[in-house]
Amino acid sequence: MFRARPTVSSGGSFACVWLSLRLLQTMEAKRKNEGMSKKSEAEWKDLLTPEQFEILRRKGTERPFTGQYYQTDTSGRYLCAGCSQELFTSEEKFDSGCGWPSFYDVKESNAIRTEEDMSFFMRRVEVLCSSCDGHLGHVFEDGPAPTGLRYCINSAAITLDPDEVDP
Ligand SMILES: [Zn+2]
């Protein structure tokens, strides 16, 4: 008499585990010039005079006929008071009579950027330094030829770097 012997399958199945390759996602967040714009309020306060801070970082406006440069006709370059980027030159400066330093053009068009400003119930175009984002003033369309523009800039937002003059 045969007894059915249970057969034990010793041959277990082998599971093949395939490890999927993980894609390494590299974040490329290299933004140039970020360092300048990303200064903290405290850092700007250290760097700027109270008047410069009020204008450049708080979009303030100096009173007309009080600034350092509205009457200046010294030849030279006008740099951003926040980051020293060259913005205007004395060649484009003209006496607009408005009480602020006025220029009919910028040194390089990419030195500034503009933004619509609707404050004080007026529609104006704000002018900012493209490098540090500092508020410089406003631009109006009542300037002289050839541009017809008047960049009305706060003295405290700029620093004159005068040309060397032969003695
Ligand atoms: Zn600047």
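Trainee: What makes the largest group of 27 residues a nonpolar core?

Mentor: A nonpolar core is a set of buried Ala, Val, Leu, Ile, Met, Phe, Trp, Tyr and Cys residues joined through C-beta atoms within 7 Å. The largest such set here has 27 residues, and Leu87, Tyr151, Ile153, Ala157 and Ile158 have the most contacts inside it. Two or more residues each come from helix H3 (50-56), S1, S2, S6, strand S7 (135-140) and strand S8 (150-153). This is a predicted model, in which local features need pLDDT of at least 70 and side-chain atom pairs count only at pLDDT 80 or more, while totals for chains, interfaces and linings use all residues. Residues are numbered from 1 along each chain as its sequence is written.

Trainee: Which residues does Ile158 touch, and how do you know that they are in contact?

Mentor: Two residues are in contact if their C-beta atoms, placed from the backbone, lie within 7 Å. Apart from residues up to four places away in sequence, Ile158 meets this limit with Tyr69, Tyr78, Leu79, Cys80, Ala81, Leu87, Pro101 and Ile153.

Trainee: How do you know that Cys152 is to be called buried rather than exposed?

Mentor: A residue is buried if 20 or more other C-beta atoms lie within 10 Å of its own, exposed if 12 or fewer, and partly exposed in between, with C-beta atoms placed from the backbone. Cys152 has 24 other C-beta atoms within 10 Å, so it is buried. It belongs to strand S8. Neighbours within four places in sequence aside, its contacts are Cys98, Trp100, Ser102, Gly137, His138 and Phe140. Its C-alpha atom lies 8.7 Å from that of Val127, although the two are 25 residues apart in sequence.

Trainee: Which class does Ser96 fall into, and why?

Mentor: Ser96 has 19 other C-beta atoms within 10 Å, which places it between the two limits, so it is partly exposed. It sits in the loop between S3 and strand S4 (102-103). Ser96 contacts Ser102 and Arg150, leaving aside its neighbours within four places in sequence. From the C-alpha atom of Ser96 to that of Cys152 the separation is 8.9 Å, with these positions 56 residues apart along the chain. Over the chain of 167 residues, 25% count as buried.

Trainee: What makes S1 and S9 a pair of strands?

Mentor: Strands (E, at least two residues) and helices (H or I, at least four) are DSSP runs, numbered from the N terminus. Two strands pair if DSSP finds at least two bridges between them. Strand S1 (residues 76-80) and strand S9 (residues 158-162) share five bridges, so they count as paired, in the antiparallel sense. Arg77 has Asp161 as its bridge partner in S9, and it stands opposite Thr89 in S2. S1 also pairs with strand S2 (residues 86-89) in the antiparallel sense, over three bridges. Leu79 is bridged to Glu86 in S2. The hairpin of S1 and S2 has five residues between the strands, and Ser84 in the turn has a positive phi of about 70°.

Trainee: Why are S2 and S9 called edge strands of their sheet?

Mentor: The open, antiparallel sheet of three strands has the order S2-S1-S9. S2 and S9 each have a single partner strand, so one side of each is left without a neighbour in the sheet.

Trainee: Which strands stand at the edges of the sheet of six strands, and why?

Mentor: That open sheet runs S3-S4-S8-S7-S6-S5, with antiparallel pairing. Strand S3 (93-94) and S5 each have a single partner strand, so each leaves one side without a neighbour in the sheet. Within this sheet, S7 and S8 pair over four bridges, and His138 has Cys152 as its bridge partner in S8. Strand S5 (residues 112-117) and strand S6 (residues 124-129) pair over six bridges, with Ile112 opposite Cys129 in S6.

Trainee: What makes residues 21-34 a stretch to treat with caution?

Mentor: pLDDT is the predictor's confidence in each residue, from 0 to 100. The chain averages 85, and 77% of the residues score at least 70. Over residues 21-34 the pLDDT is below 50, and this stretch has one contact beyond near neighbours in sequence. Where pLDDT is low, the predicted coordinates should not be read in detail.
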